[in-house]
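Please open the model in a viewer and keep the sequence panel visible. The tour below proceeds by selections, each followed by a description of what is found there.

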Amino acid sequence: MPRPLDQAALQELALRYVGKYATTRAKLRAYLGRKLRERGWEGDREPDLEVLANRFAELGYIDDASYALGQSRSLSARGYGKRRLADKLRSSGVEEADSGEAIRHADKQAVSAAVRFAERRRLGPYAS
């Protein structure tokens, strides 16, 4: 069984996670919380995951608005619309303040996303 986490190990885990994955503050908190449940905590007081996630955001390791815009571009390119984007952002913990540009992008790409969806699913004029 792995040894319990301390502050340094927790920060190292967080740094490795944000270095590997495009993520949000909420997803980082969930990941660290899961690791704490799995391995336990070796310290005087419980770690404040909110402070750690906000610190990483201040340092620029996490940017919820950029994550949201990237998701919007990715989903639009695959033919998905604003509703699918809103569901994805909600499940990723992106707040409304950070999702504005992504929603506007999805609105602008709505018609081309619908065409890509129809092509991919072979609907309407794209049926074989």
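How many residues does helix 4 have, and what distance does it reach from its first C-alpha to its last? Select residues 64-77: helix 4 has 14 residues and reaches 20 Å between those two atoms, close to the 20 Å expected at 1.5 Å a residue. Please bear in mind throughout that this is a predicted model. The mean pLDDT of the protein chain is 96, and 100% of its residues reach 70 or more. Among the elements of the chain, helix 4 has the highest mean pLDDT, 98, and helix 7 the lowest, 95.

**Stop 1: Around helix 4**

Keep helix 4 selected and display its side chains. The buried residues here are Asp-64, Tyr-67, Ala-68, Leu-69, Gln-71, Ser-72, Leu-75 and Ser-76. Now add helix 2 (25-39), helix 5 (82-92), helix 6 (96-108) and helix 7 (110-121), the helices against which the buried residues of helix 4 pack.

Next, turn to the two ends of helix 4. At the N-terminal end, select Asp-63, which acts as a cap: one of its side-chain oxygens lies 3.2 Å from the backbone nitrogen of Ala-65. Just after the helix, select Gly-79, where phi is positive, at about 95°.

**Stop 2: The nonpolar cores**

Select Leu-5, Leu-10, Leu-28, Leu-32 and Phe-56. These are the residues with the most contacts inside the largest nonpolar core, which has 17 residues. Two or more residues of this core come from each of helix 1 (7-20), helix 2 and helix 3 (49-58). Helix 1 gives the most, with six residues.

Which residues is Leu-32 in contact with, leaving aside its neighbours within four places in sequence? Centre the view on Leu-32 and show Leu-10, Leu-13, Ala-14, Leu-49 and Leu-52, which are its contacts on that basis. A second, separate core has nine residues; select Leu-85, Leu-89, Ala-102 and Ala-106, which are among them.

**Stop 3: Salt bridges**

The whole structure holds nine salt bridges. The selections below visit several of them.

Begin with Arg-16 and Glu-12, whose closest N and O atoms are 3.0 Å apart in a salt bridge. Because the two residues are four apart in helix 1, about one helical turn separates them. Arg-16 is exposed, with a relative accessible area of 51%, whereas Glu-12 counts as partly exposed at 49%.

Move next to Arg-29 and Glu-50, a salt bridge in which the closest N and O atoms are 3.4 Å apart. This pair links distant parts of the chain, with Arg-29 in helix 2 and Glu-50 in helix 3, 21 residues apart. Both residues may be coloured by accessibility: Arg-29 is partly exposed at 26%, and Glu-50 is partly exposed at 36%.

Then select Asp-107 and Lys-82. Their salt bridge brings the closest N and O atoms to 3.2 Å. Asp-107 lies in helix 6 and Lys-82 in helix 5, so the pair ties together parts that are 25 residues apart in sequence. Asp-107 is partly exposed, with 42% relative accessibility, and Lys-82 is likewise partly exposed, with 40%.

Finally, select Arg-25, Asp-64 and Asp-98 together; a network of salt bridges links these three. Asp-64 was met at the first stop as one of the buried residues of helix 4.

**Stop 4: Ser-92**

Is Ser-92 buried or exposed? Select this residue, which is found in helix 5. Ser-92 counts as buried because its relative accessibility is 3%, under the 20% cut-off. Its side chain reaches the backbone oxygen of Lys-88 at 3.0 Å. Beyond its neighbours within four places in sequence, Ser-92 is in contact with Thr-24, Ala-26, Lys-27 and Tyr-67. Of these, Tyr-67 is one of the buried residues of helix 4.

**Stop 5: After helix 7**

To finish, select Arg-122, in the segment after helix 7. Which sign does phi of Arg-122 have? Phi is positive, near 55°, in a residue other than glycine. Most residues other than glycine have a negative phi. Arg-122 is exposed, with a relative accessible area of 56%.

Key
Residues are numbered from 1 along each chain as its sequence is written. This is a predicted model: local features need pLDDT of at least 70, side-chain atom pairs count only at pLDDT 80 or more; totals for chains, interfaces and linings use all residues. Side-chain values use heavy atoms; hydrogens and water are left out. The expected span of a helix is 1.5 Å times one less than its number of residues. Buried means under 20% relative accessible area, exposed over 50%, partly exposed in between (1.4 Å probe, protein chains only). Contact means heavy atoms within 4.5 Å. A polar contact is a pair of N or O atoms within 3.5 Å; within protein, one must be able to donate a hydrogen and the other to accept it, and residues adjacent in sequence count only if both atoms are side-chain atoms. A nonpolar core is a set of buried Ala, Val, Leu, Ile, Met, Phe, Trp, Tyr and Cys residues joined through side-chain atoms within 4.5 Å. A salt bridge is a side-chain nitrogen of Lys or Arg within 4 Å of a carboxyl oxygen of Asp or Glu. pLDDT is the predictor's confidence in each residue, from 0 to 100.
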